[in-house]
Amino acid sequence: MATLWLRLVKRRTSESRSFLLLHRLRLSLRGVPRCIAIPALRLFACAALLLSFLSLATANSPGRASNELPVATDARLEVQGEVVRLTMALSRPVTAAASVMAGPDRVIVDMPSINFQIDGKQGRKSAGFVSGFRYGLFMADRARIILDLAQPAAIVNVSVKPVRGGFGELVVELKRTSREEFAALAREAAAKTQLPSIPVERKAEGDSRRIVVIDPGHGGIDPGTQVAAIAEKAVVLAFGLKLKEQLEAQGRYRVIMTRSDDTFISLNDRVRIARGVEANLFISIHADSLAQAQDVRGATIYTGSERASDAEAARLAAKENQADAVAGLDSSEDVQDVAGILMDLAKRETRSFSTIFARNLVEKLGGSVKMHKVPLRSAGFRVLTAPDVPSVLIELGYMSSPKDAELLNSEGWRNQAAAAVQQAVDQYFERLQTPGKAAQSKP
């Protein structure tokens, strides 16, 4: 009898979750803007939502392994007296820890990896001195919730209590505090913060292949630009994986991804990965957006520089350089381990190689895909600061342009554009006279 009852409970739980997923799918499809001019883009947005929800339904099926990720299914942000409380429903209890961070002011809640199934609209609602919250994977084994503060606040309570049926409930309670106390709490939290280093496989003895690092921007808790149901982090990851596939097919390159899944990687770590493997080339992939100029479209190639080539380049660099802050990290720049004249010489030579490769990209991409009217620019992107690795940043197009958004999600366009980048990589290395690091060779 007990076994029969257990089976019934499992079946009803599965049915309830499936109903919840389908209900959320229906609500989400209502949110796809009808103003999108191109039917194919609207169709893609709906299909993306459908695939996302179907994958979640599969993940919650009874046949999944017992070590499946805990699921967050609901969240509420509310004011009760002097306290602002965030409550989040979980499929099972987990551990949680919270801290505060300044510049901008926010509260960071770290937990083990969570499968978030929460309506994104809930995070955009404000309550008291909390202007909103966001959530997502921070690392492969860690999830993060960030509450943005309009005024300084202290953490009164963070806990996960068990709920009947084996479920859990995360509760985070905050109370307004003085600027001085908040600053002291932030300094204390910063002193305890230590991010794990990202392991990178070293080059094997006798391996003469050139090393190319592909860096899909954003990831995890940082979605990048979002248009309808399409997130920049997914678009650039799909392109990065296609480029990796095409480069590796030749057998001439060892290709390393800064991320190969939906994981957050800090800006400094992206640079460290490239330097750690002594990369010959670093290619960062992004997709821009201009909400007030949907007619602007086309790919743009950027190199690093202290001064931006124009106001648009400066705007983009400032936005991209905030990726760490979006994920709840200190956005201060890392200090390089080379100093003075040696640093200047290394940067100068490396930037000359970066410019050579950037021009190759403009030429090759221009023959295959539409380019921006000003296709080659420069600005102070933090991911382009390695003093000894030629680096470029490719903005594949503008997700705010219906035509560009349609192309960015087209497999045919992706194959064509990746092939053009691969040709630019080939041409770049063919111009180098000797093997080894590009910054040590002559153009």
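## Close-up views of a predicted model

**View 1. Here is how helix α10 begins.** At the start of α10, Ser 410 puts a side-chain oxygen within 3.3 Å of the backbone nitrogen of Gly 412. Like everything shown below, this contact comes from a predicted model. The end C-alpha atoms of α10 sit 28 Å apart, and that agrees with expectation because 20 residues at 1.5 Å a residue should span 28 Å. Plenty of α10 is buried, including Trp 413, Arg 414, Gln 422, Asp 426 and Phe 429.

**View 2. The largest nonpolar core takes in 41 residues.** Ile 283 and Val 425 have the most contacts inside this core. Two or more residues each come from β10 (210-216), α4 (232-248), β13 (253-257), β14 (281-288), β15 (299-304), α8 (340-366), β17 (391-398) and α10 (411-430). The top contributor is α10, which gives nine residues. Zoom in on Val 425, itself one of the buried residues of α10: leaving aside residues up to four places away in sequence, Val 425 touches Val 212, Leu 247, Tyr 253, Leu 281, Ile 283 and Phe 357. There's also a second, separate core, this one with 31 residues, among them Leu 86, Leu 90, Val 94 and Ala 153. In soluble globular proteins, nonpolar side chains tend to be buried together.

**View 3. Six strands line up as an open sheet.** Reading across, the order is β13-β10-β14-β17-β15-β16, with mixed pairing. At the edges are β13 and β16 (371-379), each pairing on one side only. From one strand to the next, the twist averages 20°. Look at the β13 end for a parallel pair: β10 and β13 are joined by five bridges, and Ile 214 has Met 257 in β13 as its bridge partner.

**View 4. Two helices, α5 and α6, meet the sheet strands.** Helix α5 (residues 267-276) lies across β10, β13 and β14, and runs at about 170° to β10. Helix α6 (residues 311-320) packs on the sheet too, where it touches β14, β15, β16 and β17. The direction of α6 makes about 65° with that of β16.

**View 5. Strands β6 and β7 make a hairpin.** Just two residues separate the two strands. β6 (residues 130-139) and β7 (residues 142-149) pair in the antiparallel sense, with eight bridges between them. One to pick out is the bridge from Leu 137 to Ala 143 in β7. β6 is mostly covered, with seven of its 10 residues buried.

Key:
Residues numbered from 1 in each chain as written. Predicted model: local features only at pLDDT ≥ 70, side-chain atom pairs only at ≥ 80, totals over all residues. Heavy atoms only, no water. Core = buried A, V, L, I, M, F, W, Y, C linked by side-chain atoms within 4.5 Å. Buried < 20%, exposed > 50% of the residue type's maximum accessible area, 1.4 Å probe, protein only. Helix = DSSP H or I, 4+ residues; strand = E, 2+ residues; numbered from the N terminus. Contact = heavy atoms within 4.5 Å. Expected span 1.5 Å × (residues − 1). Polar contact = N/O pair within 3.5 Å; in protein donor to acceptor, adjacent residues only side chain to side chain. Pairing = 2+ DSSP bridges. Axes fitted to C-alpha atoms, helices over the stretch in contact; angles between N-to-C directions.
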